[in-house]
Amino acid sequence: MAVIKPKMVILKNGTEVCIRNRTLEDAEEMRSYMESVFSNDRFFMTTNDESREFRTVEKYGERTEMMNGHEHKLLLITEVDGQIVSISDVDCGSKKRNQHVGQVGISIRQDYRGLGLGTVLMQTMIDWATADSVIEKLALGVWAKNAPAIALYRKMGFVEEGRKVNEVKYADGSYDDCICMYRFAE
Ligand SMILES: CC(C)(COP(=O)(O)OP(=O)(O)OC[C@H]1O[C@@H](n2cnc3c(N)ncnc32)[C@H](O)[C@@H]1OP(=O)(O)O)[C@@H](O)C(=O)NCCC(=O)NCCS
């Protein structure tokens, strides 16, 4: 995994947070974080029930180790008083022909949203990708009804490159499109 220098940031409400790489020691805290985020959010492809099978300390350890072995992948957490309040990552393609594309992921605990953390994390990932020797393009998929996420991505220079219609079906029977967005790392 690419290593970044831990970054201290003051959020809009005055709280100081630390953005740093995720380590194997974070596995237990990761489990608590994912429990809280999955139980409250509908904007993930994986439902809360489905997520239970991989929400284990072992699985988090495995993924962290897998990312550790790859210098063009970035795995970040944001920590406050020993608790994880956000996870984010850039995961480059696994083949020679798509390794220049980094898939971006981000989630923030509910009580830390709207405080500017998403903006700082996206900028951190963009800066890292710009400096990386392999990644040239950042890409992501977002549900069309996820207004806060779309607002964040647009603010950070991402634009729509396509749309998968009715790609998602919610529990209430309604559908949503998946908007594919990208920006170049520059
Ligand atoms: C999407 C998410 C990462 C945004 O992070 P955040 O820390 O709340 O974002 P910020 O506070 O930096 O806000 C960024 C911009 O988004 C917009 N925004 C923030 N909250 C918003 C809301 N509730 N509704 C609409 N726009 C919003 C604002 O324009 C803001 O820019 P500004 O501060 O210059 O006005 C966060 O809401 C989240 O974790 N959501 C759940 C998980 C998720 O949906 N992940 C993305 C899956 S694709």
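**Entry 1, contacts to the ligand.** I started at I108: one of its backbone N or O atoms lies 2.7 Å from an oxygen atom of the ligand. Worth jotting down straight away that this is a predicted model. Next I looked up L115, where again a backbone N or O atom faces a ligand oxygen, this time at 3.3 Å. For K12 I found a side-chain contact instead, with a polar atom 2.9 Å from an oxygen atom of the ligand. Then I checked how covered the ligand is: on its own it exposes 940 Å², and the protein buries 72% of that.

**Entry 2, the shell.** I pulled up the residues around the ligand and got 22 of them. I108 turns up again here, listed with G114, G118, T119 and N146 as those that come nearest. Which elements supply at least two residues of the shell each? I noted β5, α4, β6 and α5. The largest share is from α5, with 6 residues. I also sorted the shell by class and wrote down 11 nonpolar, 7 polar and 4 charged residues.

**Entry 3, where the ligand sits.** Which space does the ligand take? I matched it to the largest pocket. I have about 1,400 Å³ down for the volume of that pocket. Its lining runs to 43 residues, and F44, G105, I106, S107 and Y153 lie nearest the centre. By class I get 24 nonpolar, 10 polar and 9 charged residues in this lining.

I went through the elements behind the lining too. At least two residues each come from α1 (27–40), α3 (57–68), β4 (83–92), β5 (101–108), α4 (117–131), β6 (137–143) and α5 (147–155). I108, from my first contact, falls within the β5 range.

**Entry 4, the other pocket.** Last, I looked at the second largest pocket, which has a volume of about 200 Å³. What lines it? I listed D41, R42, F44, M45, T46, T47 and N48, then V168, K169, Y170, A171 and D172. F44 caught my eye, as F44 lines this pocket and is also among the residues nearest the centre of the largest one. The class split for the second lining is 5 nonpolar, 3 polar and 4 charged.

Key:
Residues are numbered from 1 along each chain as its sequence is written. This is a predicted model: local features need pLDDT of at least 70, side-chain atom pairs count only at pLDDT 80 or more; totals for chains, interfaces and linings use all residues. Side-chain values use heavy atoms; hydrogens and water are left out. On a 1 Å grid over the protein atoms alone, a cavity is a set of points where a 1.4 Å probe fits but cannot get out, and a pocket is an open set with protein on both sides within 12 Å along at least five of seven lines; lining residues have an atom within 4 Å of a point. Grid points are joined across faces, edges and corners, and a volume is the space filled by probe spheres set on the points. Helices (H or I, at least four residues) and strands (E, at least two) are DSSP runs, numbered from the N terminus. Ala, Val, Leu, Ile, Met, Phe, Trp, Tyr, Cys and Pro count as nonpolar, Asp, Glu, Lys and Arg as charged, and the others, Gly among them, as polar. A residue is near a molecule or strand if one of its heavy atoms lies within 4 Å of it. A polar contact is a pair of N or O atoms within 3.5 Å; within protein, one must be able to donate a hydrogen and the other to accept it, and residues adjacent in sequence count only if both atoms are side-chain atoms. Accessible areas come from the Shrake-Rupley method with a 1.4 Å probe; for residues, only the protein chains shown count as cover. A molecule sits in a cavity or pocket if more than half of its atoms lie within 2 Å of its grid points.
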